[in-house]
Amino acid sequence: MQIISKLVEIDSNEQVTTEYIEKELTKRNIHPLRWAIVNVSDRIYKVSVATLVNKEGIL
């Protein structure tokens, strides 16, 4: 297994919360070890996400 990091774009809402970001990641079947918002625009949050992967894909 290894850890990979990728950027995910999430639609902006008026009031960003931890729950909102985690819900949006779960919708995309992403269960991160950690995440961080790295860029904010009027319409998009860019979130850096670290996940575990194996040879078959993301865990």
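Student: Where along the chain is V16 found?
Tutor: V16 is found in the loop between strand 1 and helix 1 (18-27). This is a predicted model, in which local features need pLDDT of at least 70, side-chain atom pairs count only at pLDDT 80 or more, and totals for chains, interfaces and linings use all residues. Residues are numbered from 1 along each chain as its sequence is written, while side-chain values use heavy atoms and leave out hydrogens and water.

Student: What is the pLDDT of the chain on average?
Tutor: The chain averages a pLDDT of 90, on a scale of the predictor's confidence in each residue that runs from 0 to 100. Of the residues, 93% score at least 70. Among the elements, strand 2 (residues 34-40) has the highest mean pLDDT, 96, and strand 4 (residues 57-58) the lowest, 60.

Student: What makes residues 57-58 a strand?
Tutor: A strand is a DSSP run of E with at least two residues, while a helix is a run of H or I with at least four, both numbered from the N terminus. Residues 57-58 form strand 4, so this run meets the minimum of two. The chain comes to 1 helix and 4 strands, in the order β-α-β-β-β along the sequence.

Student: Why is V16 called partly exposed?
Tutor: Buried means under 20% relative accessible area, exposed means over 50%, and partly exposed lies in between (1.4 Å probe, protein chains only). V16 has a relative accessible area of 38%, so it counts as partly exposed.

Student: What makes V16, I37 and V40 a nonpolar surface patch?
Tutor: Patches are made of residues with over 30% relative accessible area and no salt bridge; like charges are joined within 9 Å, and nonpolar side chains (Val, Leu, Ile, Met, Phe, Trp, Tyr) within 5 Å. V16 has 38%, which is over the 30% cut-off. Together, V16, I37 and V40 make a patch of about 220 Å². Accessible areas come from the Shrake-Rupley method with a 1.4 Å probe; for residues, only the protein chains shown count as cover.

Student: How do you know that strand 1 and strand 3 pair?
Tutor: Two strands pair if DSSP finds at least two bridges between them. Strand 1 and strand 3 are joined by 10 bridges, so they pair, and they run antiparallel. One of the partners to look for is L52 in strand 3, which bridges to I3.

Student: What joins strand 2 to strand 3?
Tutor: Strand 2 and strand 3 pair in the antiparallel sense over 6 bridges. In strand 3, A50 stands opposite R34 and V49 stands opposite W35. Strand 2 and strand 3 form a hairpin, with 3 residues between them.

Student: Why is strand 3 called mostly covered?
Tutor: In strand 3 (residues 44-54), 8 of the 11 residues are buried. For the chain of 59 residues, buried ones make up 25%.

Student: Is K6 in strand 1 buried, partly exposed or exposed, and which residue in the chain is 42 residues away from it?
Tutor: K6 belongs to strand 1 (residues 2-11) and has a relative accessible area of 30%, so K6 is partly exposed. The C-alpha atoms of K6 and S48 are 5.7 Å apart, although 42 residues separate them along the chain.

Student: Why is the pair of K46 and E9 called a salt bridge?
Tutor: A salt bridge is a side-chain nitrogen of Lys or Arg within 4 Å of a carboxyl oxygen of Asp or Glu. K46 and E9 meet at 4.0 Å, N to O, so the pair fits that limit. K46 lies in strand 3 and E9 in strand 1, so the pair ties together parts that are 37 residues apart in sequence. K46 is partly exposed at 30%, and E9 is partly exposed at 47%.

Student: What makes E24, K27 and R28 a network?
Tutor: Salt bridges link these three residues: E24, K27 and R28. E24 meets K27 at 3.0 Å and R28 at 3.4 Å. E24 and K27 are 3 residues apart in helix 1, so about one helical turn separates them.

Student: Why is E24 called buried and K27 exposed?
Tutor: E24 has a relative accessible area of 10%, so it is buried, whereas K27 has 57% and is exposed. R28, at 35%, counts as partly exposed.
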